[in-house]
Amino acid sequence: MLLPALLALLGCRERKAAEHAPGTPNTQTIAPAQADPSPTGTDAMTQTVDVEDGRSEEDGGVITSKQTAKTPKMTTTTTATTTHAPPKKKKS
Amino acid sequence: MTPAFYSPLIERDLDGAREAISAFRAEHDNHQLFLAVTRFALLAYAPSQHAKHALLACLAAYDLGEDGDILTECALYAASSRQPWSEPPILDPPPPSGRGELAEVYEAIGGRDRLRAERWLSARYQDQDFAHDFFTVAADDFEDLGHKLIMAAAAWRLADLLGEKGRFATLRVAVWEWTAYRGTRHYRETGVALDRHSLAMRLVDNFVCERGALVPAHALFLLDAANAAEPFAPEVAMRVRDYLTNYTNEMPCNDEVGSTSASLVYNLARDYGQLLKIHALATRFPNGDRLKAAAAYNLAHAPSFEEMSFA
């Protein structure tokens, strides 16, 4: 899985957890990456599928079920409401 | 290769691995431990996040003086992230392709044809002028936060450290990275590249402002890789600086991370070894203390990646 897709996945989880936890500050310490749209459609979802065949089964590659990825133990502890914007911004 | 050292690592027996590493350390110095651990991480490499960051962590440990406890964590990280082997990795290069032209490797990358790319590498890796083409290809796109160049720069350094015998297998790491995912963001340079120092200062500020987050960290790692490539391919370094200049902004902010610190002996999977790698990078970048503090803050506060299986 590519890092931007992974961060987006984590970002979604963080938001979902916050929705189900009354009183939990709606903050996150890692802002999900903004994936650039691409004409061939390699958005986060596609990348998640594609990367799994980065190694063939003959080479020992496995299909890693996303079900095995558990919710991270760490929870955000900051109480500030500021969400840091990703630094990426095209100027022109 | 000693079975007593490698067997528990291969079996992911982490307690057994600690014992084996301890026994190894009793009879060998830390450089020999670095070589043993890094060779294992190299064989365990796959273009998955944990596996490649385990290999990068080994290089960071080398840069920080080959501390035995840190190298132990690197070994455990590599073992934990290793994907199952159905057969031992092949170390010998495949038959070389015809002439090793650049068009051939670009086509292989476009088609995600790893074997074809390996045959290109086989044809070229012993050429005197290979480094230039190697880094040029690696900087063709910046997918996955620039890991194609980041891994290429690491592989190039490791190839020198690990010796000629494993040179192909070491450089192959880059080829596997290039062909593991499509790079659809062929970047066109715009001629706005900041100079090396100014860009470094900007990226350091961004990293601290983002409290050590993973995305601005990889902008730093990408610039570090570009700096490593510069002696061999100056236009590659310029291209990366142009890209990073375009895709980042000045982000002045208060230093919110204070003087946070953390031990470098930790479960590296938590942050993909970022704290360790930042400490190594800080030896080459300005404002090293701010970098280290932000990375420590991130380790303490950001979600852990340790249970993202094989990701």
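**Salt bridges, buried sites and chain contacts in a predicted model**

The side chains of Arg124(B) and Asp133(B) come together in a salt bridge with an N to O distance of 2.9 Å, a salt bridge being a side-chain nitrogen of Lys or Arg within 4 Å of a carboxyl oxygen of Asp or Glu. Arg124(B) counts as buried at 7% relative accessibility, and Asp133(B) likewise counts as buried, at 14%; buried here means under 20% relative accessible area, exposed over 50%, and partly exposed in between, with a 1.4 Å probe and protein chains only. The model is predicted, so that local features need pLDDT of at least 70 and side-chain atom pairs count only at pLDDT 80 or more, whereas totals for chains, interfaces and linings use all residues. Residues are numbered from 1 along each chain as its sequence is written, chains are lettered from A and ligands numbered from 1 in the order in which they are written, and side-chain values use heavy atoms, with hydrogens and water left out.

Over all chains, a search of the whole structure finds 20 salt bridges. Side chains of opposite charge can pair when their charged atoms come close. In the salt bridge between Asp160(B) and Arg167(B), the closest N and O atoms are 3.2 Å apart; Asp160(B) counts as exposed at 52% relative accessibility, whereas Arg167(B) counts as buried at 10%. A further salt bridge is formed by Glu189(B) and Arg239(B), with the closest N and O atoms 3.5 Å apart. This pair links distant parts of the chain, 50 residues apart, with Glu189(B) in the loop between helix H10 (167-180) and H11 of chain B and Arg239(B) in helix H13 of chain B; helices (H or I, at least four residues) and strands (E, at least two) are DSSP runs, numbered from the N terminus. Glu189(B) counts as partly exposed at 44% relative accessibility, while Arg239(B) is buried, with a relative accessible area of 11%. In addition, a network of salt bridges links Asp63(B), Arg157(B), Asp224(B) and Arg284(B).

Charge also gathers on the surface, where Glu11(B), Asp13(B), Asp15(B) and Glu19(B) form a patch of negative charge. Patches are made of residues with over 30% relative accessible area and no salt bridge, like charges being joined within 9 Å and nonpolar side chains (Val, Leu, Ile, Met, Phe, Trp, Tyr) within 5 Å. Lys and Arg count as positive and Asp and Glu as negative, with His and the chain ends not counted, and the place of a charge is taken as NZ of Lys, CZ of Arg, CG of Asp or CD of Glu. Within this patch, Glu11(B) is exposed, with a relative accessible area of 58%, and lies in the loop between helix H1 (3-10) and helix H2 (14-27) of chain B.

Two residues in loops of chain B have a positive phi although neither is a glycine. Arg211(B), with a phi of about 55 degrees, is placed in the loop between helix H11 (196-209) and helix H12 (214-229), and is buried, with a relative accessible area of 7%. Tyr272(B), whose phi is near 55 degrees, lies in the loop between helix H13 (234-246) and helix H14 (274-282), and is also buried, with a relative accessible area of 1%.

Buried positions within helices of chain B include Val137(B) and Ser81(B). Val137(B), in helix H8 (residues 130-138), counts as buried at 3% relative accessibility. Leaving aside neighbours within four places in sequence, Val137(B) is in contact (heavy atoms within 4.5 Å) with Leu102(B), Val105(B), Tyr106(B), Ile109(B), Trp120(B) and Trp178(B). Val137(B) and Ala152(B), 15 residues apart in sequence, are 9.4 Å apart from C-alpha to C-alpha. Ser81(B), found in helix H5 (residues 68-81), is buried with a relative accessible area of 4%, and the C-alpha atoms of Ser81(B) and Ala269(B) are separated by 8.5 Å although these residues are 188 residues apart along the chain.

Chain A contains two helices and zero strands, and buried residues make up 38% of its 92 residues. Of the contacts in chain A with a separation of 6 or more, 77% are accounted for by residues 24 or more positions apart. Chain A exposes about 5500 Å², of which carbon and sulfur atoms supply 56%; accessible areas come from the Shrake-Rupley method with a 1.4 Å probe, and for residues only the protein chains shown count as cover.
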